[in-house]
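Visitor: Please take a close look at a single part of this model, the aromatic rings, and explain how they are arranged.

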Amino acid sequence: MAQIQPAATGPNGVANTASLYVGDLDVNITDSQLYDLFIQAGQVLSVRVCRDLSTRRSLGYGYVNYSNPQDAARALDLLNFTPLNGKPIRIMYSHRDPSIRKSGTANIFIKNLDKSIDNKALHDTFSAFGNILSCKIATDPSGQSKGYGFVQFDNEESAQNAIDKLNGMLINDKQVYVGQFLRKQERETALNKTKFNNVYVKNLSESTTEEDLKNIFGEFGTITSVVVMRDGDGKSKCFGFVNFENADDAAEAVEALNGKKFDEKEWYVGKAQKKYERELELKGRFEQSMKEVVDKFQGVNLYIKNLDDSIGDDKLKELFSEFGTITSCKVMRDPSGISRGSGFVAFSTSEEASRALAEMNGKMVVSKPLYVALAQRKEERRARLQAQFSQMRPVSMAPSVAPRMPMYPPGAPGLGQQLFYGQGPPAIIPPQVIILILFSILLFHFS
DNA sequence: AATGAGCGC
């Protein structure tokens with residue numbers, strides 16, 4: 001007898017279609033907020049926002065368990081994409097086995113979407129083709145559509161059908177592209193399969209001439225032109241181009257010669273890129289490098305509130321120094337020099353920062369319990385405030401979890417912003433250091 | 001022009 005795999009499984013791997021996974025949660029969403037929302041669809045057995053064990057920071061997802069599957073189905077239908085703190089939540093059946101998610105099968109990519117098309121509209125148009133596991137419009141931090149999105153179906157046929165029927169169609173007067181979702185790597189190899197005649201070769205020794213290239217590449221087919229690039233004095237720039245009459249020969253030459261050593265130099269041999277292709281690639285790499293720099297400094301800054309007025313920069317540093325290396329530390333003051341009761345502490349690593357957060361948040365210092373949180377970057381903060389503003393509504397009567405300590409209005413100017421906006425104190429990393437870092441990245445990647 | 005992230009007591 002064939003086993004039928006359940007669509008969703010509970011904690012013991014037992015079929016449980018009454019368990020929902022709720023993702024894309026704003027970090028400040030609490031259990032009680034989730035409860036408030038999901039109780040509207042039926043009897044809720046339990047809710048939980050998952051949190052980091054040591055910092056208690058929300059992981060941005062949670063679970064809602066209903067007592068019966070119909071209620072869960074209703075919740076999915078009714079509540080998917082409901083904004084919480086201004087951020088649309090994404091609901092799926094709980095599925096703890098990650099294999100389906102990781103496989104990325106039946107996943108499609110849609111671009112050139114009208115900005116007015118939101119998650120719900122996307123879901124509605126694509127649900128005609130099958131059962132949707134997950135669906136989302138890419139947005140900027142304020143929630144504005146970036147004009148593209150993703151839909152993952154539970155089977156390939158539905159995905160292919162959606163592609164066949166909707167690719168090139170007009171949606172809200174815009175012609176959309178609908179195609180298979182491809183990871184960057186896969187896209188690049190697909191691109192490299194396109195035919196080409198012109199071959200780029202680099203890392204030549206200075207003495208390698210056009211004649212040498214002709215001899216070596218000529219083995220693979222007829223060459224129509226060959227050039228070694230040189231500077232004004234005729235000195236080789238150590239790269240060149242070989243154009244083949246036949247694209248198959250060009251591909252063969254690349255296959256055979258890439259990575260081979262000549263005069264102790266390991267050649268790079270590949271498809272010659274057009275100027276815009278090369279620019280695109282460089283731009284991509286640059287952005288990747290920037291992201292790495294930003295990530296490196298992500299989570300190292302703590303925002304401190306409810307500081308006793310008697311505490312200054314030095315005392316603040318002393319309070320936190322046992323957790324690691326402090327790279328910057330500042331108590332915020334008003335123009336007359338009186339402490340605003342808030343400040344920033346930056347550590348050299350995010351591990352140190354999160355340990356400090358866990359240990360120091362709520363700790364009594366002089367007269368009051370400290371409030372310690374990760375400092376937010378300018379973008380995050382702006383988007384959050386905007387979201388909260390657009391969300392304002394009467395306070396709910398839901399059962400609430402008692403906070404361990406007084407809650408303060410969240411949010412404060414983050415230290416992180418100093419990294420690239422370079423305004424106001426306290427600067428964590430001096431601008432000249434940033435320029436140095438960026439410059440070395442450029443040198444490294446663009447060579 | 002743009003090709004994601006994601007599963008617990």
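Guide: What follows deals with the ring pairs and with the charges that sit over rings.
This is a predicted model, in which local features need pLDDT of at least 70, side-chain atom pairs count only at pLDDT 80 or more, and totals for chains, interfaces and linings use all residues. Residues are numbered from 1 along each chain as its sequence is written, and side-chain values use heavy atoms, with hydrogens and water left out.

Rings of Phe, Tyr and Trp (its six-membered ring) pair if their centres lie within 6.5 Å; planes under 30 degrees apart count as stacked, over 60 as edge-to-face and the rest as tilted. The count by this rule is 16 aromatic pairs. In one of them, the ring centres of Phe 150 and Phe 181 are 5.9 Å apart and the planes stand at 75°, so this pair is edge-to-face. The two residues are 31 residues apart and link distant parts of the chain: Phe 150 belongs to strand S9, while Phe 181 is in the loop between S12 and helix H6 (184-192). Helices (H or I, at least four residues) and strands (E, at least two) are DSSP runs, numbered from the N terminus. Phe 150 has a relative accessible area of 27%, which means partly exposed, between buried (under 20%) and exposed (over 50%), with a 1.4 Å probe and protein chains only.

Ring pairs join Phe 150 and Phe 181 with Phe 109, Tyr 148 and Tyr 177 in a cluster. Over the ring of Tyr 177 sits the charged end of Lys 111, 5.0 Å from the ring centre. The rule here is that NZ of Lys or CZ of Arg is within 6 Å of the ring centre and within 35 degrees of the ring normal.

Note on methods. Chains lettered and ligands numbered in written order.
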